[in-house]
Amino acid sequence: PNRAFKEEPRFYKRAKGLYYETTDGRQILDAFSGLWCSNLGHCHPKITEAIQKQAGELDYSTAFNFGHEKAFELANIIAKQFPKTLDHVFFTNSGSEAVDTALKMALAYHRINGEATRTRLIGRVNGYHGVGFGGISVGGMVNNRKFFGSLLSGVDHMPFPYDASEDAYTRGEPASDPMKYLKELEQIIALHDASTIAAVIVEPMIGSAGMFVPPKGYLKKLREITEKHGILLIFDEVITAFGRLGDANAATFFGVTPDICTMAKGINNAAVPMGAVIASKNIYDTFVDGTKAGIEFFHGYTYSAHPLAVAAAIAAQEVYQEEEIYQHVRGNIQFFEDAIHSLKGNPFITDIRNFGLAGGLTIEQRDDVIGARAYDFFLKAYEHGINVRTNGDTIAIAPILTSSQQELEPIFDVLKKAANDIQ
């Protein structure tokens, strides 16, 4: 909260590797990778050098009627890491822009394809898809929506695919029946008719709501339902792309190929603002073949494929490969899982979740005030020297992917202290 921050400001002045340094000289272990984004640690020398070099060669290039070679080089690097039918990349400047781009792409695709009645969009309760009007419309987090009017029309939401009464303290994916949650999607489709629905958008792993994992088989069944009805499936991979699950992306990890994926954050280690959308060849060909003259997709940004962002991304992608980051993450997942679940039984922790190198805790409410005790938990963790994320009654942990097991251990020591220090 802004009021609380003004009472006790927390300022960082520099960062290196796993640590931030505050203006009062404290070292803070970054247990949240910045904001799910600094996967390779802060100020990675290869990325820093790439940005500095690029700034002296080509500081800006418009994406309207022009391009630059490194943008196409990066697009090819990204496409090689996604399922093979996803092979055309559109660059944005953030995850929020990537989501709005993906939604516009889905709507325009159906119109060009002769199905202009497909205008409805389906999101999910507690979903987070950025802060653009499209993203908050399909998103399902109450405080992100309630202040901003009626938002986009023609949007429905599937239920939140997690039941703490059944799934609490699950390690990895819960074993509950995915149709418990997806039957409502089928009811929404029956209510409106598939011919009116353009796309379904989901986070493969629910991040901003507090790190929750849908039940095993959920995404595969979701793909079957959308494919059956000709509805595009969009994966919001702003958090999951580039290593968090121990793979290049969740689509590859789960073996489920959507029609469109969004990404940002880890694409270039958040060194320069950047996002992207990758779409299937079918979608790309529909735009190109279905537009006889002129601009195929009336959409774009001043800073799309900004040279500095692209240079940072190429360097980051090289680091992921050269330092074998995905393999390294896979080697730490079991350690992380055991460590976070060792917190069970500590005061006020009522649920623990983990997936890849991401974890979530639910903190018991105090006096029926949402988030009050969890915010105190966050402050205590910071006081003890680590940065985590609080949202509502949850605490999320997303360590920098290069961390060794020895470097991960202090995170859980501090979380235990924080749980025992709060009231």
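I take helices and strands as DSSP runs, numbered from the N terminus. The model I am reading is predicted.

**Entry 1: Met211**

I looked up Met211 and placed it in the loop between strand 7 (197–202) and helix 10 (218–228). Its phi is positive, about 65°, although Met211 is not a glycine. I noted the background: most residues other than glycine have a negative phi. Is Met211 buried or exposed? Its relative accessibility is 0%. The limit for buried is under 20%, so Met211 counts as buried.

**Entry 2: Asn126**

I then turned to another positive phi. Asn126 has a phi near 70°, and this residue is not a glycine either. I found Asn126 in the loop between strand 5 (120–124) and helix 6. Its relative accessibility is 26%. Partly exposed lies between 20% and 50%, so Asn126 falls in that class.

**Entry 3: cavities**

I asked how many cavities of 30 Å³ or more the whole structure holds. The search finds two.

The largest cavity has a volume of about 40 Å³. I went through its lining and listed Gly127, Tyr128, His129, Gly130, Gly135, Ile136, Gly139, Gly140, Met141, Asn144 and Arg145. Two elements give two or more residues to this lining: helix 6 (133–138) and helix 7 (142–145). I sorted the lining of the largest cavity by class and got three nonpolar, seven polar and one charged. Glycine is counted as polar in this scheme.

The second largest cavity holds about 30 Å³ of space. Its lining is Tyr162, Thr170, Gly172, Pro174, Val213, Arg353 and Asn354. By class, I have three nonpolar, three polar and one charged residues around the second largest cavity.

**Entry 4: the largest pocket**

Next I looked at open space. The largest pocket contains about 1,200 Å³. Its lining has 34 residues. Which of them lie nearest the centre? I noted Ala63, Phe72, Val89, Phe90 and Tyr284.

I then checked which elements contribute. Helix 4 (69–79), strand 4 (86–92), strand 10 (275–280) and helix 12 (281–290) each supply at least two residues of the pocket lining. By class, the lining of the largest pocket comes to 22 nonpolar, ten polar and two charged residues.

**Entry 5: a nonpolar surface patch**

I looked for nonpolar side chains on the surface. Phe133, Phe147 and Phe148 form a nonpolar patch there. Together they have about 370 Å² of accessible area.

I followed up one member, Phe147. I placed Phe147 in the loop between helix 7 and strand 6 (155–158). Why does Phe147 count as exposed? Its relative accessible area is 59%, and the class begins over 50%, so Phe147 is exposed.

**Entry 6: Thr350**

Last, I looked up Thr350. I found it in strand 11 (residues 349–355). Thr350 has a relative accessible area of 36%. That value lies between the 20% and 50% limits, so I entered Thr350 as partly exposed.

I also took the separation of Thr350 and Asp177. They are 173 residues apart in sequence. In space, C-alpha to C-alpha, Thr350 and Asp177 are 23 Å apart.

Notes
Residues numbered from 1 in each chain as written. Predicted model: local features only at pLDDT ≥ 70, side-chain atom pairs only at ≥ 80, totals over all residues. Heavy atoms only, no water. 1 Å grid on protein atoms, 1.4 Å probe; cavity = no way out; pocket = protein on both sides within 12 Å on 5 of 7 lines; lining within 4 Å. Points joined across faces, edges and corners; volume = space filled by probe spheres on them. Helix = DSSP H or I, 4+ residues; strand = E, 2+ residues; numbered from the N terminus. Patch = residues over 30% accessible without salt bridge, like charges linked within 9 Å, V, L, I, M, F, W, Y side chains within 5 Å. Areas by Shrake-Rupley, 256 points an atom, 1.4 Å probe, with all protein chains shown as cover. Salt bridge = Lys/Arg side-chain N within 4 Å of Asp/Glu carboxyl O. Buried < 20%, exposed > 50% of the residue type's maximum accessible area, 1.4 Å probe, protein only.
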